[in-house]
Amino acid sequence: MKWSTIPYIWQQTFEEAWKSCQEGSRPIGSVIVNTDGEIVARGKSAVFGELSGSVIYHNELAHAEMNAMLKLDNRVHKKVNQYVLYTTMEPCPLCFGAFYMSGIKNLAYAAKDKY
């Protein structure tokens with residue numbers, strides 16, 4: 001598969017994972033897309049460092065999905081139930097619970113988590 005054949009949203013998700021890896025954390029990235037197909041939030045795993053653009057970091061809870069979802073201000077994003085959370089890895093129980101509580105109803109992930 002060529003990079004150019006991967007849909008733009010997935011390219012952006014993988015780029016977040018790559019940035020996370022380059023900054024010294026786990027290579028997991030996430031983006032949230034609104035109903036117009038625009039990226040409204042980005043997140044990267046920041047478990048092992050204070051990564052640029054992260055809401056939480058240096059913490060076992062600093063997952064890419066959490067960092068993306070915490071960037072959504074519900075005063076601005078009122079219809080998140082129509083948004084899509086894209087992530088490079090199947091969400092862990094913590095992130096899936098936060099996903100459910102966030103009101104976002106659509107999830108897409110690139111790889112299953114064997115754990």
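Here is a short walk through this predicted model, from its sheet to its cores and then to one loop residue.

Let's start with the sheet, which is open and has four strands in the order β2-β1-β3-β4, with mixed pairing. At its edges lie β2 and β4 (106–111), each of which pairs on one side only. From one strand to the next, the twist averages 15°. If you look at β1 (residues 29–33) and β2, you will find that they run antiparallel and are joined by five bridges. Within this pair, Gly29 stands opposite Lys44 in β2. Helix α1 (residues 8–22) packs on the sheet, where it touches β1, β2, β3 (84–89) and β4. The direction of α1 makes about 145° with that of β1.

Now to the cores. In soluble globular proteins, nonpolar side chains tend to be buried together. Here the largest nonpolar core has 13 residues, and Ile32, Met69, Leu72, Tyr83, Leu85 and Ile104 have the most contacts inside it. Two elements, α2 and α3 (93–102), give two or more residues to this core, and α2 gives the most, with three. Met69 is a good residue to click on: leaving aside residues up to four places away in sequence, it touches Ile32, Leu85, Cys95, Ala98, Phe99, Ser102 and Ile104. A second, separate core has eight residues, among them Ile9, Val31, Val33 and Val84.

Finally, have a look at His58, in the loop between β2 (39–44) and α2 (64–69). Most residues other than glycine have a negative phi. His58 is not a glycine, yet its phi is positive, at about 50°. Is His58 buried or exposed? His58 counts as exposed because its relative accessibility is 52%, and the cut-off for exposed is over 50%.

Terms used. Residues numbered from 1 in each chain as written. Predicted model: local features only at pLDDT ≥ 70, side-chain atom pairs only at ≥ 80, totals over all residues. Heavy atoms only, no water. Buried < 20%, exposed > 50% of the residue type's maximum accessible area, 1.4 Å probe, protein only. Pairing = 2+ DSSP bridges. Axes fitted to C-alpha atoms, helices over the stretch in contact; angles between N-to-C directions. Contact = heavy atoms within 4.5 Å. Core = buried A, V, L, I, M, F, W, Y, C linked by side-chain atoms within 4.5 Å.
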